[in-house]
Amino acid sequence: MFKASIAETTISDSLSARRGDEAEADGFDGDPRSLWDRVRRRLRAEIGEEVYLSWFARVELDGIFSETVRLSVPTRFLKNWIQQHYIDRLTSLWREEISGSRVELSVRTAVLRGPGQTPMIVRSEPSVSPRQPAEAKPAATVTLAAPVSTPDLGTGSPLDARLTFGTYRLGSSNRLAHAAALKVAQAPAGGPAVFNPLYLHAAVGLGKTHLLQAIVAAGAERGRRVVYLTAERFMYGFIAALKSQSALAFKEQVREIDTLVIDDLQFLQGKSVQQEFCHTLNSLMDSGRQIVIAADRPPSELDALEERVRSRLAGGLVVEIDPLDEDLRLEILASRVAALAQQHPGFSVPQDVLQFIARNCGQNGRDLDGALNRLLAHNQLTSRAITLEMAEEAVRDLVRSSEPKRVRVDDILRVVAKHYNVTRADILSQRRTANVVKPRQIAMYLAKMLTLRSLPEIGRRFGGRDHTTVLHAVRKIEGLVGSDSALASEVETLKRLVSE
């Protein structure tokens with residue numbers, strides 16, 4: 001690293017005398033970062049804030065080499081998309097800064113740069129004119145490669161400053177998850193871990209990421225070294241460390257963290273990455289460090305992970321965040337409207353419109369945000385007052401269909417197992433104890449009543465059982481429902497839960 005810095009300084013000094021001539025020849029008139037800032041501002045103004053943030057927020061300037069501008073992006077998909085849709089416009093904007101320049105896109109894989117690290121700019125000498133005497137040839141072009149370094153995970157994945165405990169809205173569906181997250185966040189620096197690991201799971205848009213980032217914000221205020229990583233960032237960080245032959249330094253860096261927060265664990269792929277994650281998990285927990293993880297399903301259903309990883313995750317506190325009830329959705333809408341009103345003075349939504357959205361537009365926070373953005377757009381762009389009639393028109397494609405949800409056997413197994421405090425594996429096993437037989441028979445009954453599957457198909461989904469076993473279970477539960485009002489009520493509750 002020190003050698004690279006010295007070499008870079010030498011190159012900078014050797015070029016300083018020619019900077020004026022080079023700038024005039026190549027159209028370069030300032031700091032490359034300033035050029036990149038001007039290009040980004042014009043691009044943002046042309047394509048709009050939303051498109052810019054979606055596709056260009058993670059584009060970085062890697063260097064300017066003679067007339068070649070090298071930009072990098074984090075994924076191959078992003079590179080291909082920009083190459084197909086915007087490369088000509090990017091080239092045009094850069095040519096306004098550097099005459100005759102061209103743009104090259106690459107995928108960042110070897111080094112994960114943290115905030116504050118600037119791209120290394122290396123400019124080659126101007127090309128030699130064919131008429132120039134041989135003795136007047138300039139020195140050969142010098143290209144200084146970036147030094148190989150350990151991927152920097154100290155800053156973690158990007159955080160949203162709005163996602164704190166103060167902005168989190170509580171209801172019956174998320175109260176336990178919030179209490180557990182707050183307990184972890186308030187643990188003093190150097191103190192013992194709490195509920196280790198804490199594992200939160202829920203469907204999309206129910207507040208997992210909000211709680212995780214709130215833990216990071218609160219933990220940092222108490223002097224803890226807290227790092228928030230998506231599973232993708234952890235995965236690519238480890239792969240990059242392997243490529244740069246700095247895997248040992250990567251491991252040491254991760255294991256010096258007080259609280260490691262991993263989001264979207266279901267996306268963790270690759271045997272070597274999973275092994276390293278398992279080793280990291282064991283190392284941090286054995287040394288009393290805190291682990292917090294979120295995923296879209298419980299540990300037992302993370303089929304891509306090895307059994308030993310699932311077992312270790314299940315050994316902590318596992319909390320599910322349920323779908324938001326209508327009262328909580330209404331409270332979330334009110335807080336989002338207040339936030340939008342600060343950005344757009346005069347924006348307000350009548351109570352009857354909020355109730356309509358809470359009742360009809362999805363069951364998670366992202367659905368609610370989408371509905372409010374529709375109202376804001378119609379209000380700001382067409383100057384129409386927000387009324388119930390206008391709202392019905394603006395969000396008509398977001399309104400939940402009145403058609404019944406298509407029920408899957410997996411949904412039935414999940415709901416029944418949770419209701420009777422058994423596992424999915426118990427229901428599918430050959431065990432015949434009373435606490436397992438009853439949920440199994442009720443699940444078979446619901447599969448017959450709520451799905452279009454035949455008895456043999458249901459039998460295969462329930463551990464390869466014969467269709468006569470399924471028929472016996474269906475007839476037994478039918479008979480009990482007719483004579484046992486308590487069981488009938490239980491079954492109706494389960495039907496409702498499965499169908500939501």
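**Helix packing, a pocket and an unusual loop**

Helix 19 passes helix 22 in a right-handed crossing. Keep in mind that this is a predicted model. Besides that helix pair, this briefing takes in a second one, helix 13 with helix 14, then the second largest pocket, at about 1,200 Å³, and a loop with a cis peptide bond from Asn196 to Pro197.

**Helix 19 and helix 22**

- Helix 19 covers residues 434-450, and its axis sits 11 Å from that of helix 22, at an angle of about 60 degrees.
- That angle makes the pair oblique.
- On the helix 19 side, the residues that meet helix 22 are Lys438, Ile442, Tyr445, Leu446 and Leu450.
- Helix 22 answers with Leu487, Glu490, Val491, Leu494, Lys495 and Val498.
- Sorted by class, this contact has 8 nonpolar and 3 charged residues, with no polar ones.

**Helix 13 and helix 14**

- Here the axes of helix 13 (residues 326-343) and helix 14 (residues 351-360) come within 9 Å, crossing at roughly 130 degrees.
- So helix 13 is oblique to helix 14.
- This crossing is right-handed.
- Helix 13 brings Glu326, Arg329, Leu330, Leu333 and Val337 to the contact.
- From helix 14 come Gln351, Leu354, Gln355, Ile357, Ala358 and Arg359.
- The class tally for this pair is 6 nonpolar, 2 polar and 3 charged residues.

**The second largest pocket**

- The second largest pocket has 36 lining residues, and those nearest its centre are Ala203, Glu320, Pro323, Arg414 and Val415.
- Two elements give two or more residues to the lining: helix 17 (409-419) and helix 22 (485-499).
- Helix 17 supplies the largest share, 6 residues.
- If you're thinking about chemistry, the lining breaks down into 18 charged, 10 nonpolar and 8 polar residues.

**The loop between helix 7 and strand 4**

- Most peptide bonds are trans, and most residues other than glycine have a negative phi.
- The peptide bond from Asn196 to Pro197 is cis, its omega being near -5 degrees.
- Pro197 belongs to the loop that runs between helix 7 (175-185) and strand 4 (198-201).
- Phe195 also lies in the loop between helix 7 and strand 4.
- Phe195 has a positive phi, near 50 degrees, despite not being a glycine.

Notes
Residues numbered from 1 in each chain as written. Predicted model: local features only at pLDDT ≥ 70, side-chain atom pairs only at ≥ 80, totals over all residues. Heavy atoms only, no water. Axes fitted to C-alpha atoms, helices over the stretch in contact; angles between N-to-C directions. Helix = DSSP H or I, 4+ residues; strand = E, 2+ residues; numbered from the N terminus. Parallel < 35°, antiparallel > 145°, perpendicular 65-115°, else oblique. Left-handed = near helix turned anticlockwise from the far one by under 90°. Contact = heavy atoms within 4.5 Å. Nonpolar A, V, L, I, M, F, W, Y, C, P; charged D, E, K, R; others polar. 1 Å grid on protein atoms, 1.4 Å probe; cavity = no way out; pocket = protein on both sides within 12 Å on 5 of 7 lines; lining within 4 Å. Points joined across faces, edges and corners; volume = space filled by probe spheres on them.
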